[in-house]
Amino acid sequence: MAEISSELNKKLSEAVGKMPAFPKSVQRILELSRDLNCPPKELVSVIEKDPVMTMKLLHIINSAYYSFPKQITSVNQAIVYIGLNTIKNMALSFAVIGVLPQHNAAGYDMQRYLMHSLITASLARLLCQKFNKDGTDPGDCSLAGLLHDFGKVVFAQFMPEEFKQAMAYSAEHKVPLHIAEQHVIGIDHSEVGAMLVEGWQFPKNLSFAIRSHHNPAEFKTTLQCCLFVADILSKHKSLNYGAESDREIMAELPPAIAERFGGNLDEIIVKLGDLSNVVAEAQAFAQTSKVTPT
Amino acid sequence: MKIKFWGVRGSIPSPGPSTQRYGGNTTCIEVRTDNNDLIILDGGTGIFTFAQQLVKESPITAHIFNTHSHWDHIQGLPFFIPIFIPGNTIHLYGAFDPISGAGPERIMNIQMQYSYFPVREAEMRSRIHYVTVMPHEAIKIGETTITPTLLSHPVVNLGYRIACNGKSIFFTGDHEPHYNIYEPGEEGYADYQALIEEQSQSIIDAMKNVDILIADSSYTNEEYPSKKGWGHGTFDSCIEMAMAAGAKVLYCTHHEPTRSDDDLEKVFAEALARHNCKNLDVRLAREGDEIKI
């Protein structure tokens, strides 16, 4: 696969730093920041549901300026280390940039992207909690789920024409979107997402999982497996929350993965139990509402 | 090393007859190392009185370590006369602020804007050197090592450990012990508690066995609930922290600005009575007091 040039990587990193966040989180952060007694846990729950805010926050916290002994992968960690008020003000500084448009030039459905990311995040966490055998942090799985398709938003936002063509190619030739992206753009969203996360000093296991989320043959870690199964499950007929552009509805897992989770998709779904909460929670957050940032 | 308190008040200067004994100036602590290097912890209004003495010693080299950028820790800096005198060298150390994306240079830059101060930043005639310090990364000044540690306050706040020839001091700047943002039993409580315990332990480790711990003890236990989240400790939280760290002497500072000297002594005595401070000498920081270690 073509390597992303360091110039493009730098350009995208800078662009993402200035990228607006999703409407609901912007609206909630503006509301919460006006409330002197805003419950901190509400602030956390807003930031950790927004892929853009989460990316930016963890990027700044993991920057060389704080040289933490370990990389920070959760909003709660960031609060304990750097302080609640500072995180609140960082979120506010992200919120006042504006909101990601629901209708972008690429014609990519941002709301559906967000639903897919949130459901994948919840499922990856659940899968880790249920099937984890090696101490992998469920929070890291959730973060991987939230950010795994971030490259698509970056394409939609900064390379809309090319991304539109890739989506059309995928539909026309009935190939998965990442194959179409490689064909049209020369690089796919998993690679772009991983490069961003890498350049922003996120943990290596996270970038491995994002980079490989369409290549199960490469899997070595629990994080990769949980992300992969969560991604597939969210597109499964019982949930049906794949991204609009997905042509990769998988009925069966590769045998090695199925073995790891003690069964195939239908069996895993049974083991996970009622998932209506997962969908309802994501819906409550992803539904758009009109906001005018002040 | 020698330590002298030039300002021990929190939040806002509070001069007047009721604060005469302990002093009304905001935070400023002078530290002289064994080599007579000059370290100044924070530039609250207390630094102005100190500057009068320093002017006579010109040319000087001063290492000013800023714990955080709130007014009561920076307000005296534009009045620190040595910054205007050619031949002096001033190093100002401080944290990176993730909101503004700037380091300690912004402390001077913001305060010396036209609307707030008559002298422009460009008119400071000393050599000024700004250093953005990082938690855990030690700075060497001669034989002295200064190590910053991230503490808990509404703005990024660094505590500093100063170590020289086997003796050590830790100054918290402003610090409130971490508390859980979830209720017991709520999802997230246990994980958050584990994070707090880990971070609290790393703070205790940073001040382990210091000879002198100077800590923010703004509030009493009774006052604290209505001030939770404001970023300050209590007499009791400081005593507990000092005992956990094995500090020899604890100086309680950042006195609440509305507290009179009499009240300060009263609430201090009450806090002491609640603890069995066998191996810990607990004192109130007082403007003008000097200590040798």
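This report walks through a predicted model of two protein chains, A and B.

## The two chains at a glance

Let's start with chain A. Its secondary structure comes down to 17 helices and zero strands. Along the principal axes, its C-alpha atoms fill a box of roughly 50 × 40 × 35 Å. For 294 residues, a compact globule would be expected to have a radius of gyration near 19 Å, and the 18 Å found for chain A agrees with that. Of those 294 residues, 49% count as buried. If you take contacts in chain A between residues at least 6 apart in sequence, 69% of them join residues at least 24 apart.

Chain B is built from five helices and 14 strands. Its C-alpha trace spans about 60 × 40 × 40 Å along the principal axes. With 293 residues, a compact globule would come out near 19 Å in radius of gyration; chain B has 19 Å, which agrees. Here 46% of the residues count as buried. Among the chain B contacts between residues at least 6 apart in sequence, 66% link residues at least 24 apart.

## Two domains in chain A

The domain assignment splits chain A into domain 1, residues 6-100, and domain 2, residues 110-285. Taken over C-alpha atoms, the centres of these two domains are separated by 22 Å. Domain 1 puts 20 residues into the contact between them, and domain 2 puts in 23.

Which elements give two or more residues to the domain 1 side of that contact? They are α1 (6-17) and α4 (51-61) of chain A. By residue type, the domain 1 side divides into nine nonpolar, nine polar and two charged residues.

## The big nonpolar core

The largest nonpolar core has 159 residues. Those with the most contacts inside it come from both chains: Ala124(A), Ala144(A), Cys226(A) and Val229(A), along with Ile169(B), Leu213(B) and Leu250(B). The top contributor is helix α7 of chain A (residues 110-131), which gives 12 residues. Both domains of chain A supply residues to this core, so it lies between them. As a general rule, nonpolar side chains in soluble globular proteins tend to be buried together.

For a look at one spot in the core, pick Val229(A). Leaving aside residues up to four places away in sequence, Val229(A) touches Leu127(A), Leu253(A), Ile257(A), Phe261(A) and Ile268(A).

## Covered helices in chain A

Helix α7(A) is mostly covered, with 17 of its 22 residues buried. Its length checks out too: at 1.5 Å a residue, the 22 residues should span 32 Å, and the end C-alpha atoms are 31 Å apart, which agrees.

Helix α9 of chain A (residues 150-158) has eight of its nine residues buried, so the rest of the structure largely encloses this helix. The buried set is Phe150(A), Gly151(A), Lys152(A), Val153(A), Val154(A), Phe155(A), Ala156(A) and Gln157(A). What do they pack against? The partners are α1, α4, α7, α8 (138-147), α10 (160-173) and α12 (189-199) of chain A.

## A helix against strands in chain B

Over in chain B, helix α1 covers residues 46-55, and its buried residues are Gly46(B), Ile47(B), Phe48(B), Phe50(B) and Ala51(B). The buried residues of α1(B) pack against three strands of chain B, namely β1 (2-7), β2 (28-32) and β3 (38-41).

## Where the chains meet

The contact between the chains takes 23 residues from chain B and 17 residues from chain A. On the chain B side, helix α3 (residues 189-206) gives the most, with five residues. The chain B side as a whole divides into 14 nonpolar, seven polar and two charged residues.

Lys41(A) is a handy residue to click on here. Lys41(A) sits in helix α3 of chain A (residues 40-47), and touches Ile181(B), Tyr182(B) and Gly188(B) across the chains, not counting residues up to four places away in sequence. Is Lys41(A) buried, exposed or partly exposed? Burial takes 20 or more other C-beta atoms within 10 Å; Lys41(A) has 19, so this lysine is partly exposed. Within chain A, the C-alpha atoms of Lys41(A) and Leu84(A) are separated by 10.0 Å, though the two residues are 43 residues apart along the chain.

Notes: Residues numbered from 1 in each chain as written. Chains lettered and ligands numbered in written order. Predicted model: local features only at pLDDT ≥ 70, side-chain atom pairs only at ≥ 80, totals over all residues. Helix = DSSP H or I, 4+ residues; strand = E, 2+ residues; numbered from the N terminus. Rg over C-alpha atoms; globule rule 2.2 N^0.38 Å. Buried ≥ 20, exposed ≤ 12 C-beta atoms within 10 Å, placed from the backbone. Contact = placed C-beta atoms within 7 Å. Nonpolar A, V, L, I, M, F, W, Y, C, P; charged D, E, K, R; others polar. Domains from an automatic or database assignment. Core = buried A, V, L, I, M, F, W, Y, C linked by C-beta atoms within 7 Å. Expected span 1.5 Å × (residues − 1).
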